[in-house]
Amino acid sequence: MINISGHLRDRRNILGFCDESVDLMVNCCGKQTFVEQDYFLNREKGRLDYQLIYIYKGAGHYFLNHKWEVLPAGNLVLYRPLEHQQYSYYAKDRPEIYWIHFTGSQCEAVLNRYAVENCYIGESLAVRMLFQYIITELQLKKPHYENVVLANFSILLSTIHRSFEQLAHSCENDFTIDRLICELNSRYMQNWSVSDMADFCKLSNSYFSHTFRQRMGVSPMRFLNNLRIEKAKDFLMTNSMPVATAAQLAGFEDPLYFSRVFKKYTGIAPNEFYHSVAGGNTPSWFQKQED
């Protein structure tokens with residue numbers, strides 16, 4: 001067995017640590033691989049802290065709900081404090097296991113927020129890398145490592161929740177829509193049409209429009225115009241440039257059409273917005289948006 005781990009404290013406690021004086025604290029985090037020997041664990045009274053296990057490769061054998069279950073790679077197992085823990089890993093399965101122990105008064109609230117439970121999230125490289133980053137931070141203990149560990153633990157839980165949601169509501173075209181969104185954010189100034197976007201995703205116009213709206217909550221052109229208007233506002237605020245120039249840089253060839261779209265989306269004409277910025281006065285509508 002290869003066991004790599006990082007710990008918050010110098011001393012170790014096989015039962016873990018419970019600390020209700022803090023909202024959330026990571027006690028330790030580690031990785032285990034089994035290539036020659038099998039491994040068996042039975043903690044009848046569990047631990048004092050929470051434990052989250054991620055099976056990245058191979059499989060694990062867990063006694064859950066009064067029976068043994070074989071959980072393949074991609075599964076999560078959550079143990080709460082004082083909960084009976086009994087599981088085994090067999091070298092023949094070539095398991096690669098990541099685990100993290102945490103404590104604090106807000107653990108249940110955090111788990112509820114991210115809907116973390118025993119579930120399948122798939123073999124996620126992002127989840128694996130976050131575990132490894134937390135392990136390294138706990139080993140090196142560089143300045144502010146406790147904050148870095150907590151921040152990455154929050155990202156880890158968010159990534160777990162996102163992975164679960166993506167599997168639960170999977171769409172074969174999610175990846176192509178994601179690619180398009182990244183492309184629009186970098187090439188918003190180009191003359192995109194719905195047909196151009198559909199061609200980029202290799203979908204029919206009608207199916208693309210339906211899929212895009214389902215994914216983003218707005219039509220493709222409204223998404224693009226929203227993006228362009230935000231870019232135009234940045235140009236006007238940052239550089240105080242003429243409206244026609246900002247319109248062109250944001251992807252609107254016709255300044256009059258830009259003015260109509262700008263007012264429709266923001267409730268204010270671009271000239272008024274421009275003069276407010278040039279005069280050093282932040283318009284009230286923008287303050288409300290920022291709030």
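**Cores, aromatic pairs and the largest pocket of a predicted model**

Gly 30 lies in strand β2. The model described here is predicted, and within it Gly 30 counts as buried, at 0% relative accessibility. When residues up to four places away in sequence are not counted, Gly 30 touches Ile 4, Ser 5, Ile 97, Tyr 98, Trp 99 and Ile 135. One of these, Ile 97, is 67 residues from Gly 30 in sequence, and the two are 8.3 Å apart in space, C-alpha to C-alpha.

Another residue touched by Gly 30 is Ser 5, which has its place in strand β1. Ser 5 has a relative accessible area of 23% and is partly exposed. Its contacts, leaving aside neighbours within four places in sequence, are Cys 29, Gly 30, Trp 99, Ile 135 and Gln 139. Trp 99 and Ile 135 thus appear among the contacts of Gly 30 and again among those of Ser 5. Ser 5 and Ser 154 are 149 residues apart in sequence, with 19 Å between them in space, C-alpha to C-alpha.

The largest nonpolar core has 33 residues, and those with the most contacts inside it are Leu 52, Ile 100, Phe 102 and Phe 153. Two or more residues are given to this core by each of the strands β2 (25-33), β4 (50-57), β7 (75-79) and β9 (96-103), and by each of the helices α1 (107-113), α2 (125-140) and α3 (145-168). Phe 153 is in contact with Leu 24, Val 26, Ile 100, Phe 102 and Ile 134, leaving aside its neighbours within four places in sequence. Ile 100 and Phe 102 are therefore contacts of Phe 153 as well as residues with the most contacts inside the core, where a core is joined through side-chain atoms within 4.5 Å. A second, separate core has 32 residues, including Ala 198, Phe 212, Leu 227 and Leu 236.

Leu 236 also serves as a reference point for Ser 276: the C-alpha atoms of these residues, 40 residues apart along the chain, are separated by 9.9 Å. Ser 276 is found in helix α10 (residues 270-278) and is buried, with a relative accessible area of 17%. Ser 206, by contrast, is exposed, with a relative accessible area of 58%. Helix α6 (residues 205-216) holds Ser 206. Between the C-alpha atoms of Ser 206 and Tyr 87, which are 119 residues apart along the chain, the separation is 50 Å.

Aromatic contacts were considered next. A search of the whole structure finds 22 aromatic pairs. In one of them, Phe 34 and Tyr 89 are stacked, at 5.0 Å centre to centre and with 25° between the planes. Phe 34 lies in the loop between β2 and β3 (39-43), and Tyr 89 in strand β8 (residues 85-89), so the pair ties together parts that are 55 residues apart in sequence. Both Phe 34 and Tyr 89 are buried. These two residues also belong to one aromatic cluster, formed with Tyr 39, Tyr 62, Tyr 79 and Tyr 87.

Charged groups sit over rings at two further places. The charged end of Arg 9 sits over the ring of Phe 17, 4.1 Å from its centre. The charged end of Lys 57 sits over the ring of Tyr 56, and here the distance to the ring centre is 5.2 Å.

The largest pocket holds about 400 Å³ of space. It is lined by 27 residues, of which His 7, Arg 43, Arg 47, Trp 99 and His 101 are the closest to its centre. Two or more lining residues come from each of β1 (2-7), β2, β3, β4, β8 and β9. Trp 99 is also a contact of Gly 30 and of Ser 5.

Backbone angles remain. Most residues other than glycine have a negative phi. Asn 65 has a positive phi, near 55°. Its place is in the loop between β5 (59-64) and β6 (67-72), and at 66% relative accessibility Asn 65 counts as exposed. Leu 82 likewise has a positive phi, near 65°. This leucine is found in the loop between β7 and β8 and is exposed, with a relative accessible area of 58%.

Key:
Residues numbered from 1 in each chain as written. Predicted model: local features only at pLDDT ≥ 70, side-chain atom pairs only at ≥ 80, totals over all residues. Heavy atoms only, no water. Buried < 20%, exposed > 50% of the residue type's maximum accessible area, 1.4 Å probe, protein only. Helix = DSSP H or I, 4+ residues; strand = E, 2+ residues; numbered from the N terminus. Contact = heavy atoms within 4.5 Å. Phe/Tyr/Trp six-rings, centres within 6.5 Å; stacked < 30°, edge-to-face > 60°. Lys NZ or Arg CZ within 6 Å of the ring centre and 35° of its normal. 1 Å grid on protein atoms, 1.4 Å probe; cavity = no way out; pocket = protein on both sides within 12 Å on 5 of 7 lines; lining within 4 Å. Points joined across faces, edges and corners; volume = space filled by probe spheres on them.
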